[in-house]
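Visitor: I have a structure to go through with you, and I would like to ask about it piece by piece.
Guide: Please put it up, and we can start wherever you like.

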Amino acid sequence: MIAALVLGLIALAVVVGVAWPLVRPASAGDQLDPFTEGQRRRLALREERDLALGALKELEVDHATHHIGDEDYAELVADYRARAAEAIRKLDAEQGQPG
Amino acid sequence: MALIGQGALILALLLAIYAAAGGLFAGLGRDRRFLTSARNALWAILALVVIADAIFLYAIFTHDFSFKVVADTTSRSLPAGYMFTAWWGSQAGSLLLWVTILGAFSLLALRATRRALGELQPWLIMVLALIGAFFLVLLVVPASPFVTQLAPADGLGLNPSLQNPYMAIHPPALYLGYVGLAIPFALAMAAMIAGRTDARWLVASRRWTLASWGFLGIGMLLGSHWAYTEVGWGGFWAWDPVENAALMPWLVATAFLHSVMVQERKGMLKVWNICLISGAFALSIFGTFLTRSGILSSIHAFVSTNIGWYFVFALAAVLGGAFGLILWRLPLLKADQRIESLVSREATFLFNNLLLVGLAFAVLWGVIFPLLTEAVGSVRETVSTPFYVFFVVAFGIPLLFLMGVGPLIAWRRASLKQLRRSFLWPVAAGLIAGGVMIGFGLDSSWPGVAAGSVCAFVTVTILSEFVRGVAARRSIHGENWLVALLHLIGRNRRRYGGYIVHLGVILFVIGAIGSSAYETRAEGLLKPGQSLTVGSNVLTFTGVEKTRGPNFVERGAVLNVTSDGSNLGTLKPAKRSYLREQTTSNEVAIRTTLTGGDLFIILDGIRGDGAVQIKAFYKPVVGLLWIAGFFFVGGVILCVWPDEREARRILRRYAEEPLPGES
């Protein structure tokens, strides 16, 4: 009997705690913001930019520790700089786009 | 009490189903109220499971044998320390521990991803709640810890093999690993449902995977040490299905931890990474299934206990769900770049991945082969150690080699001139090591010579990485050697933490090969006064000694050990008879030498006339296995330790693009 009573009290507390957000008065902030197509696009561009910038830093380390020769280093640096610049250019173009 | 415990679990199950539905509604309807409600449900589940834990432990400590599980796994004579470990000594208790850890981890994961991955929260709650619901169904229906009976006067006792201090840490460490893999899996699934396939979920899941992988590794090492010192079969790894159950997800998670670097840096292998993380979690479920379904004793036990079907369903849901989501999100998972050259770091990681996954599949085949043969025919055919050793050698040595190659090759591509320069010293070290091993007569095992040679190659590679890094810092920043080393490690924790783990792997491999391929063994029936020689050690049997413990009687063979004429003391391998449990365990005697080798003695039997059957081994460099553990733990801690610079960089990226999240 006591066990059933204790269990009932626990269940009541749980139901109140879980149901409270649903029964309290609604507010303006109850709607979750959507993740838009524009955000996805810009995030992908920022990732592309950061990947290229990260790769440039890594190349620097690889060059300093003699894992990569001067010729390859120069070529790869130019390539990653171009990629980062392209991503930044596209990001700038995205400003003012809807979404 | 049992009623409250069972009621708490039923309530937790209902809440888990509700939380999954709440997450779904919150995700589809973009409704924050459902999100908060579902999150509260997860908190309530943890509270209810903790109540169930407390009741279960109270029953164990008060010898309440009206709880069937308590009566089956404890006794009045069980030492107090092992009363706690009896928690995970039973199927129901270990599943209860699973759910408790999952509850705590779920809330931690939600907390950690609240800001940067707010969009994922509803789906994360849904996936985690579904996983929790599965285990709660097991606890409520087929494996309840709260089944009661008419209390017997005493319990049956705990399996003597589990009455060992290692059992206090080994199973919980494995469980932390198994359960921890649920979080990266849930993050991957939530990211795909939400369409957030950018690298953020990967960064969030990487640390969880590392920690889980670390716990699995520590759990396996502790289990190996336990098997070595307690079980008394004369080794540290027996390719037992329960050991393999932990090894398989560990291997796949190892592959993920390497390939994740390729995705982070190159935007490649996105689908592959999701497959790996799903595979690692599915294998952790499979591991729990293997150890908890009764299938290992017999396929018929699996059918009769019916808990196995629940696991089959869960495995199908995990793999089917992951496959379906990958197909749905395939357009978002296209690689940003391609592998340009087979001689590049990303290609090395890819080969490493193929070998790791291949090895995991070989182990999986070895595990399921007996089950398949029994299911198809009537006779169970098993694969034995040579099967596994073949694959470990065939896949392991190339893997070791790649461990040395990876750091020496730059991303994207490497020139021949650069390769010559980078590989000169490591290759020379490998060849010299191989030559020295042959010179010392160690060519009795060619895999041993090959592995030793590759180990030298990798060690020089790793050490040269530290030297080059420090030299570069010294020339750029003008630091002294020590400061340069500390800064080098501190500012590149993942990279150098990884190297430290690799050094641990090398030590482990040397210890494993030394203690197995080059061990010496001897066996004999000894009467008092007679001797047995193993290596340079002479064991002289002087008599049998009997002692009493709290719940056992021990009979040990006293052996006087001498080597090259000098007395090294006595060793006493023993057999321990547990009174209540009515079983016997081996207590091996081990003497560790200064060179890290072990004199390892097993008492196989005691005859009525006082003669003893002794098995003795000398295992060179076996101590390196355990030293490797410290490297492993140190390296993992370095890798897991939060990297503030990385956190700042990511926060900057997301600060530019305010995303749906919560403050």
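Visitor: Leaving aside its neighbours within four places in sequence, which residues is B:Gln263 in contact with?
Guide: This is a predicted model, so what follows is computed from its coordinates. B:Gln263 sits in helix α10 (residues 241-266) of chain B, and its relative accessible area of 5% puts it among the buried residues. Once neighbours within four places in sequence are left aside, its contacts are A:Leu51 from chain A, together with B:Leu202, B:Met268, B:Leu269, B:Lys270 and B:Asn273.

Visitor: Is B:Gln263 buried or exposed?
Guide: The cut-off to apply is that a residue under 20% relative accessible area is called buried. B:Gln263 has a relative accessible area of 5%, so the word for it is buried.

Visitor: Turning to chain A, what pattern does it follow when read along the sequence?
Guide: Chain A has three helices, and its count of strands is zero. Read along the sequence, the pattern is therefore α-α-α.

Visitor: What is the radius of gyration of chain A, and why is the chain described as more spread out than a compact globule?
Guide: For 99 residues the globule rule gives 13 Å, and the value for chain A is well over that, so the chain is more spread out than a compact globule. Along the principal axes, its C-alpha atoms fill a box of roughly 85 × 40 × 15 Å. The radius of gyration itself is 27 Å.

Visitor: What percentage of the residues of chain A count as buried?
Guide: Chain A exposes about 5700 Å², of which carbon and sulfur atoms supply 65%. Of its 99 residues, the share that count as buried is 38%.

Visitor: How far apart do the centres of the positive and negative side chains of chain A lie?
Guide: Chain A carries 11 positive side chains and 17 negative ones. The centres of these two sets lie apart by 9 Å.

Visitor: How many salt bridges does a search of the whole structure find?
Guide: Side chains of opposite charge can pair when their charged atoms come close. Taken over all chains, the search finds a number of salt bridges equal to 23.

Visitor: Which residue does A:Arg42 meet in a salt bridge, and where does that partner lie?
Guide: The side chain of A:Arg42 meets that of A:Glu94 in a salt bridge, at 3.7 Å from N to O. The pair links distant parts of the chain, 52 residues apart, with A:Arg42 in helix α2 (residues 37-64) of chain A and its partner in helix α3 (residues 70-94). A:Arg42 is buried at a relative accessible area of 10%, and the partner, which likewise counts as buried at 10%, is A:Glu94.

Visitor: Which residue of chain B forms a salt bridge with A:Asp62?
Guide: The closest N and O atoms of this pair are 3.8 Å apart, and the pair crosses between chains, from helix α2 of chain A to helix α14 (residues 345-376) of chain B. A:Asp62 is buried, with a relative accessible area of 1%, and its partner counts as buried at 5%. That partner is B:Arg345.

Visitor: How many residues apart are A:Arg83 and A:Asp79?
Guide: The side chains of A:Arg83 and A:Asp79 meet in a salt bridge, with 3.7 Å from N to O, and A:Asp79 is partly exposed, at a relative accessible area of 26%. Both residues lie in helix α3 of chain A, about one turn of the helix from each other, and their separation in sequence is four residues.

Visitor: How far apart in space, C-alpha to C-alpha, are B:Glu554 and B:Lys575?
Guide: B:Glu554 has its place in strand β4 (residues 552-563) of chain B and counts as buried at 11% relative accessibility. Its contacts beyond four places in sequence include B:Lys575 and B:Glu587. B:Glu554 and B:Lys575 are 21 residues apart in sequence, while their C-alpha atoms are separated in space by 5.7 Å.

Visitor: Is B:Asp564 buried or exposed?
Guide: B:Asp564 lies in the loop between β4 and β5 (566-571) of chain B, and its phi is near 50 degrees, a positive value in a residue other than glycine. A residue over 50% relative accessible area is called exposed. At 72% relative accessibility, B:Asp564 is therefore exposed.

Technical notes:
Residues are numbered from 1 along each chain as its sequence is written. Chains are lettered from A and ligands numbered from 1 in the order in which they are written. This is a predicted model: local features need pLDDT of at least 70, side-chain atom pairs count only at pLDDT 80 or more; totals for chains, interfaces and linings use all residues. Side-chain values use heavy atoms; hydrogens and water are left out. A salt bridge is a side-chain nitrogen of Lys or Arg within 4 Å of a carboxyl oxygen of Asp or Glu. Helices (H or I, at least four residues) and strands (E, at least two) are DSSP runs, numbered from the N terminus. Buried means under 20% relative accessible area, exposed over 50%, partly exposed in between (1.4 Å probe, protein chains only). The radius of gyration is taken over C-alpha atoms; the globule rule is 2.2 Å times the number of residues to the power 0.38. Accessible areas come from the Shrake-Rupley method with a 1.4 Å probe; for residues, only the protein chains shown count as cover. Lys and Arg count as positive and Asp and Glu as negative; His and the chain ends are not counted. The place of a charge is taken as NZ of Lys, CZ of Arg, CG of Asp or CD of Glu. Contact means heavy atoms within 4.5 Å.
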